[in-house]
Amino acid sequence: MSRPAGYRIRIDGHFGDRWSAWFDGLALVRDPDGTTTLTGDVPDQAALHGLLAKVRDLGVILMSVEVVPPVCPRNRTAVAGVDRMPDRPGERGPEG
C-alpha cells in the first residue's frame, strides 16, 4: 500500500480559493508572476494523473510538477514556505 506524496503543481493563470475542491482539496496560492501554485498530498499516481487531466481539460498551461514533503497530518497545514494570498477582484472563478 502506497503512502500519499506531497506535490507542488504550477499552472498558468490565477485561480480563486473556490477551485481548491475541484483540485481535490489542494491549497491554492496565486503567485505574483501570474501563475497559481497547487500544493498538497496526493494519495497515489492515479490521483496525480487525474489532477493533471483536470489541468489539461481546462486548457491552461502546466508550468511544473514537483514532489514536496507531505502536508502535516496533525493540523493539515501546507508545507513550510507556502503562504496563502487573499482572493483579488478579477481573478478566475469556477465558472471560468
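How many bridges join β1 to β4, and in which direction do these strands run relative to each other? In the model, which is predicted, six bridges join the two strands, and β1 and β4 run antiparallel. Within this pairing, glycine 6 stands opposite valine 68 of β4.

The pairing of β1 with β4 belongs to an open sheet of four strands, whose order is β2-β3-β1-β4 and whose pairing is antiparallel. The edges of the sheet are formed by β2 (27-30) and β4 (62-68), each of which has a single partner strand, so that one side of each is left without a neighbour in the sheet. From one strand to the next, the twist averages 20°. Along the chain, the elements follow the sequence β-β-β-α-β from the N terminus, and the secondary structure as a whole comprises one helix and four strands.

The helix, α1, lies across β1, β3 and β4, and runs at about 10° to β1. At 1.5 Å a residue, the 14 residues of α1 should span 20 Å, and this agrees with the separation of its end C-alpha atoms, which are 20 Å apart. Four residues of α1 are named as buried, namely Ala47, Leu48, Leu51 and Val55; they cover an arc of only 105° around the axis and therefore lie on the same side of α1. An α-helix has 3.6 residues a turn, so residues three or four places apart point the same way. The buried residues of α1 pack against β1, β3 and β4, whereas the face turned away from the buried side carries the exposed residues Ala46, His49, Arg56 and Asp57.

The largest nonpolar core contains 15 residues, and those with the most contacts inside this core are Ile9, Ile11, Phe15, Phe23, Leu38 and Val42. Two or more residues are contributed to the core by each of β1 (5-12), β3 (35-42) and α1 (45-58), and the largest share, four residues, comes from α1.

At the level of the whole protein, buried residues, taken as those under 20% relative accessible area, make up 36% of the 96 residues. Of the contacts between residues at least 6 apart in sequence, 69% join residues at least 24 apart.

Definitions and conventions
Residues are numbered from 1 along each chain as its sequence is written. This is a predicted model: local features need pLDDT of at least 70, side-chain atom pairs count only at pLDDT 80 or more; totals for chains, interfaces and linings use all residues. Side-chain values use heavy atoms; hydrogens and water are left out. A nonpolar core is a set of buried Ala, Val, Leu, Ile, Met, Phe, Trp, Tyr and Cys residues joined through side-chain atoms within 4.5 Å. Buried means under 20% relative accessible area, exposed over 50%, partly exposed in between (1.4 Å probe, protein chains only). Two strands pair if DSSP finds at least two bridges between them. Axes are lines fitted to C-alpha atoms, for helices over the stretch in contact, and angles run from 0 to 180 degrees between N-to-C directions. Contact means heavy atoms within 4.5 Å. The expected span of a helix is 1.5 Å times one less than its number of residues. The arc is that of the directions from the helix axis to the C-beta atoms.
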